[in-house]
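Please walk me through this protein structure, which I have not seen before. I would like a plain account of its pockets, its ring contacts and its core.

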Amino acid sequence: MIYETIVSTLGADGKVRLAPIGVRNAGDTLVIAPYAPSATLDNLRRTGEAVVNLSDDVRIFVGCLTGRRRWPLAQARLVSPPRLRDALAHLEVRVNRCEEDPIRPRFYCERLHEGQHTPFRGFNRAQAAVLEAAVLVSRLHLLPRADIESRVQVLRGALGKTAGARERLAWEWLMEKLELPSQGIDL
């Protein structure tokens with residue numbers, strides 16, 4: 001099973017890199033598999049540390065895809081990269097080994113610290129729709145545009161029925177990126 005998260009790492013220049021990345025568990029180990037090439041991949045190779053942020057705020061996922069990367073941060077306890085201040089929870093990890101792959105190297109990470117910050121309030125169909133649309137937008141260079149647009153139209157229905165302000169704003173950002181109107185959603 002893949003969990004959608006926001007991974008924070010530190011660049012060589014000391015700047016924080018936030019990236020939406022699906023992670024998975026392999027027993028007690030957490031596996032992070034960023035695409036090559038990417039800043040997250042470079043940072044993991046260089047520092048061997050990351051924070052895996054668990055958030056239900058879809059604006060952060062979409063923001064990372066649309067150039068909105070400034071989110072409040074807080075100091076992590078045991079690693080250098082900071083955590084998202086408003087995450088529901090976070091995991092501080094250290095890379096134990098890397099399995100090289102030309103497309104997606106896999107970093108097997110030891111959990112050093114886990115923090116719980118805010119209770120999870122439940123699922124929202126609009127959040128799932130926005131995350132799925134964000135994944136599609138991240139694949140613009142891989143998938144036919146017509147396929148992406150038709151799938152986005154299907155997702156739009158869940159958004160119109162169940163979205164809150166965060167989901168509506170994130171959807172608007174995605175539609176800007178796709179250069180599509182946000183029609184059908186009361187923004």
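The second largest pocket of this predicted model holds about 650 Å³ of space. Its lining is made up of 26 residues, and those closest to the centre are Tyr3, Glu4, Ser55, Phe120 and Phe123. Several elements each supply at least two residues of this lining: the strands β1 (3-10), β2, β7 (89-99) and β8 (106-116), together with α2 and α3. The largest share, four residues, comes from α3. By type, the lining of the second largest pocket divides into 14 nonpolar, eight polar and four charged residues.

The largest pocket has about 880 Å³ of space. It is lined by 33 residues, and Pro20, Ile21, Tyr35, Ser138 and Arg139 lie nearest its centre. Two or more lining residues come from each of β2 (16-26), α2 (58-65) and α3 (125-138). Here β2 gives the largest share, with seven residues. The lining of the largest pocket consists of 20 nonpolar, five polar and eight charged residues.

Aromatic rings come next. A pair of such rings is described by the distance of the centres and the angle of the planes. The structure holds two aromatic pairs. In one of them, Trp71 and Trp173 are tilted, with 6.5 Å from centre to centre and 55° between the planes. Trp71 lies in the loop between α2 and β5, while Trp173 belongs to helix α5 (residues 165-178), so this pair ties together parts that are 102 residues apart in sequence. Both Trp71 and Trp173 are buried.

Phe120 and Phe123 form an edge-to-face pair, at 5.3 Å centre to centre and with 70° between the planes. These two residues are also among those closest to the centre of the second largest pocket. How accessible are they? Phe120 counts as partly exposed because its relative accessibility is 48%, and the cut-off for exposed is over 50%. Phe123 has a relative accessibility of 82% and therefore counts as exposed.

Two tyrosine rings have an arginine over them. The charged end of Arg97 sits over the ring of Tyr108, 3.9 Å from the ring centre. Arg104 lies over the face of Tyr35, at 4.2 Å from the centre of that ring. Tyr35 has already appeared as one of the residues nearest the centre of the largest pocket.

Now to the interior. In soluble globular proteins, nonpolar side chains tend to be buried together. The largest nonpolar core in this model has 29 residues, and the members that touch the most others are Val62, Leu84, Val130, Val152, Trp171 and Leu174. At least two residues of this core come from each of α2, α3, α4 (145-162) and α5. Which helix gives the most to this core? That is α3, with seven residues. The helix α3 also supplied the largest share of the lining of the second largest pocket.

One last residue is Gln75, in the loop between β5 (73-74) and β6 (83-84). Is Gln75 buried or exposed? Its relative accessible area is 75%, so Gln75 is exposed. Gln75 and Arg85 are ten residues apart in sequence, and their C-alpha atoms are 8.3 Å apart in space.

Terms used
Residues are numbered from 1 along each chain as its sequence is written. This is a predicted model: local features need pLDDT of at least 70, side-chain atom pairs count only at pLDDT 80 or more; totals for chains, interfaces and linings use all residues. Side-chain values use heavy atoms; hydrogens and water are left out. Buried means under 20% relative accessible area, exposed over 50%, partly exposed in between (1.4 Å probe, protein chains only). On a 1 Å grid over the protein atoms alone, a cavity is a set of points where a 1.4 Å probe fits but cannot get out, and a pocket is an open set with protein on both sides within 12 Å along at least five of seven lines; lining residues have an atom within 4 Å of a point. Grid points are joined across faces, edges and corners, and a volume is the space filled by probe spheres set on the points. Ala, Val, Leu, Ile, Met, Phe, Trp, Tyr, Cys and Pro count as nonpolar, Asp, Glu, Lys and Arg as charged, and the others, Gly among them, as polar. Rings of Phe, Tyr and Trp (its six-membered ring) pair if their centres lie within 6.5 Å; planes under 30 degrees apart count as stacked, over 60 as edge-to-face and the rest as tilted. A charge sits over a ring if NZ of Lys or CZ of Arg is within 6 Å of the ring centre and within 35 degrees of the ring normal. A nonpolar core is a set of buried Ala, Val, Leu, Ile, Met, Phe, Trp, Tyr and Cys residues joined through side-chain atoms within 4.5 Å.
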